[in-house]
Amino acid sequence: MLGVTIGAPRGKTELVPRWKCDAGDYVAAAEISKDGRFCIVGVGDGRVLGIDLATGRELFRQLAHEGGVLGVSLSPDGTQFATCGQEPNAKLWRATGELVRELPGGGAQWVEQVAWAPAGGRIATGAGRKVRVWNAEGELIVETEPLSSTVSNLAWRADGTALAATCYGGVHIWPFVPGAKTRRFEWKGSLISLAWSPDAKVIACGSQDSSVHFWRLASGQDSQMTGYPFKPKALAWDSESKLLATSGDATVTVWDFRGKGPEGTRPLQLKSHKGVCTRLAFSPKKGVLASGSQDTSVLLWEPRRGTQPIRYAFLEDEVTALCWHPEHRGLLGGDASGNLCFWEVS
Amino acid sequence: MKKIPVTVLTGFLGSGKTTLLNRILTENHGKRIAVIENEFGEIGIDQALVINADEEVFEMNNGCICCTVRGDLIRILGNLMKRRDKFDHILVETTGMADPGPVAQTFFVDDDLRDLFSLDGIVTLVDAKHVHLHLEDSSECKEQIAFADVLVLNKTDLVSEHELEQLERRVTSMNSMAKVLRAQNANVPIPAVLDVGGFDLGRAVATKPTFLEPEYPFEWAGTFEVEESVYEVALEDGPDPSMDLVVKYLESDEQAETRAAAERAVRTWSEPVLTVAPAGRIEIGASRPVRLQLDAAGSKRFELRAPRGGRIGLYTQHLPSEFGLQVLRGGIAVRPSGENEFAAGHTHDDQVTSVGIHLEGEIDGERLNKWVSQLLRDKGTDIFRMKGILNIKGSPSRFVFQGVHMLFDGREDRPWGAEPRASDLVFIGRKLDREALTEGFKRCLA
């Protein structure tokens, strides 16, 4: 599939923005509430914003982390959210923008990771080599032993019963059900991205050495996909846990886990971005994949149907955030200059 | 977008890294600096952003040392770039025992950092008083010196001038590329450590003829005050059948053993020698070195006639003590007013050395690329650093490049203009074969 270029695709149409706004600085993190009514956006200037998704109206703007926000995560019921940034405390907020309490990281290091469990009322934070888990009131319930190096990613099992963390050296999994054992998958490499399949069967990681490594949890068996020209910073599973989209350079590589795959199969190569792909997000409802690039472009694909993009849009700087409306009604995108846009998708 | 310069500060514990950092941060230079400090760091200054980091050295690709990077830097610097209020300069302080390789390599290897940052320079602080405790047996210490763009010999108030010059020679023989600064309390000019990127190899070569060959051809220099008279140079039996020397008049305030004077002597040294038999005459200020014939047994005397009074510098191929060499006037020994020993070319015991090669003529870019690629594949582990300014055939501009282990990065620089076109290449590393490197580089001539 050669020669697919922006501007001359068949049947490809531009996405229509419902609203645009200026977040003020680098959009470092964004999440849409489960009811699709609002989004929380963490910004490089240290502020956290609440925005009404229907209108783009700003609900609040609070200084959260002086040095810059690095992560935001909403509670499943949408009443609270947690933030982390370039300082040694994470913070717990009401969805309306009032600070509830601080969640200390336990050292001088920044809290770089925050993840609210999809169920069970737990919040995980990663600072330095330790992971801490808090309840919804912001009370510390677990602090792990130090990992072999700094925590690089956190991800909850889809049902909230286990937490995975990556670092240089492997993946740790802590269960939150009685009697279950902690698991550890060793891998001598720096794992820079993490995606746990929605069916909880596979953990996939992008590695600094330009490969994607994955483990099948049932057997503990691992496999590696090499040959990426750049480190795969973005990973995304489709809602059926069958397709794993991975970034590398400008090409989006999609591995198919159906049947005996992806071992021994050739991946789909989605080529149209002109710059390195920075963000990937599968729609929770349809098999639609959104990809964002350093070249400011945002593209929608249907990898099961073809390797040409179906819709496109542009931001004004490197795409740094992409998230889907939970009912597939729209796509939120943010860029490195603070531009936020919510596009209609119907 | 302009890349943000990064300065790496290395040096053993107690060498003065923290003192220098504090000076940089408190001095009013108008730069917004972010400091990434190792876990033992002790800076606490409000006006600067200081980030504590565990040094996390990540190996990749089955442990190849050239792909070893600092994972913490990749993470932290990536996050720092998410602020609109970006920084003008980044300082990275390493722990005392750190190998500077992974820090430097990080800026070549990582896709993101390579685009956003440039390694401005590696500044290594050396505790002039205590470094000799580590220099012999610590590979980290040697590597920190070998990797440096700037070497700050700190705490000079604790050692004598003689010790300092010995140390300077020693470190220069390991790394001829670095700019050497002397300091007490790390009191070096800030621009000399923060704007090293402006370091111009070509200019350094032009102003310092021995830059590319720091090993002096003589082992000793002495300064003597003379009157208009006839002196004698007397020698006893020694280990060699001959010895070369150069005698020059100096300025009245100049010492023979200073670097500038020594480098003038080097120029004379490179001329064809004039052999002189015992009882023969040595001319002060001759444009050629003399070779004293010493194969006869017993004392040998040579006439040293001073046509005018003044200060002279005597440079000898071997140490005077090896031959019982003396300068006599009327049979009485005249003591030098100053003297110094130099590291001789054939007696360096350091595994870590530098090799500089100067070539006139145009370089064939393709041949060079092949040669460097092959060389780094074979010897990349032993080649710590490499810097070059190249005269590439068909290009109006200077081509500058630098490398760390197997990684290198080159770009077109400013046009040559009226500057004489020539190529200079410096390697610093372990077990370097000067002849093979020179031969290889010569084969790249167009």
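Here is a short chat about a predicted model and some of its features.

Trainee: Anything to know before I start?
Mentor: Residues are numbered from 1 along each chain as its sequence is written, and chains are lettered from A, ligands numbered from 1, in the order in which they are written. It's a predicted model, where local features need pLDDT of at least 70 and side-chain atom pairs count only at pLDDT 80 or more, while totals for chains, interfaces and linings use all residues.

Trainee: How many residues of chain A are in contact with chain B?
Mentor: 21 residues of chain A, with 15 residues of chain B. Contact means C-beta atoms, placed from the backbone, within 7 Å.

Trainee: Which strand of chain A gives the most to that side?
Mentor: Strand E17 (residues 183-196), with three residues. Strands are DSSP runs of at least two residues, numbered from the N terminus.

Trainee: New topic: is Val111(A) buried or exposed?
Mentor: Val111(A) is buried, because 29 other C-beta atoms lie within 10 Å; the cut-offs are 20 or more for buried, 12 or fewer for exposed, and partly exposed in between. Val111(A) belongs to strand E11 (residues 111-116) of chain A.

Trainee: What does Val111(A) touch further along the sequence?
Mentor: Leaving aside neighbours within four places, its contacts include Cys84(A), Pro88(A) and Thr125(A).

Trainee: And the sheet with E3, what's the order there?
Mentor: E3-E4-E5-E6 in chain A, an open sheet with antiparallel pairing; strands pair if DSSP finds at least two bridges between them. Strands E3 (27-32) and E6 (58-63) are at the edges, each with a single partner strand, so one side of each has no neighbour in the sheet.

Trainee: How many bridges join E3(A) to E4?
Mentor: Five. In E4(A), Val43(A) is the bridge partner of Val27(A).

Note on methods. Two residues are in contact if their C-beta atoms, placed from the backbone, lie within 7 Å. Helices (H or I, at least four residues) and strands (E, at least two) are DSSP runs, numbered from the N terminus.
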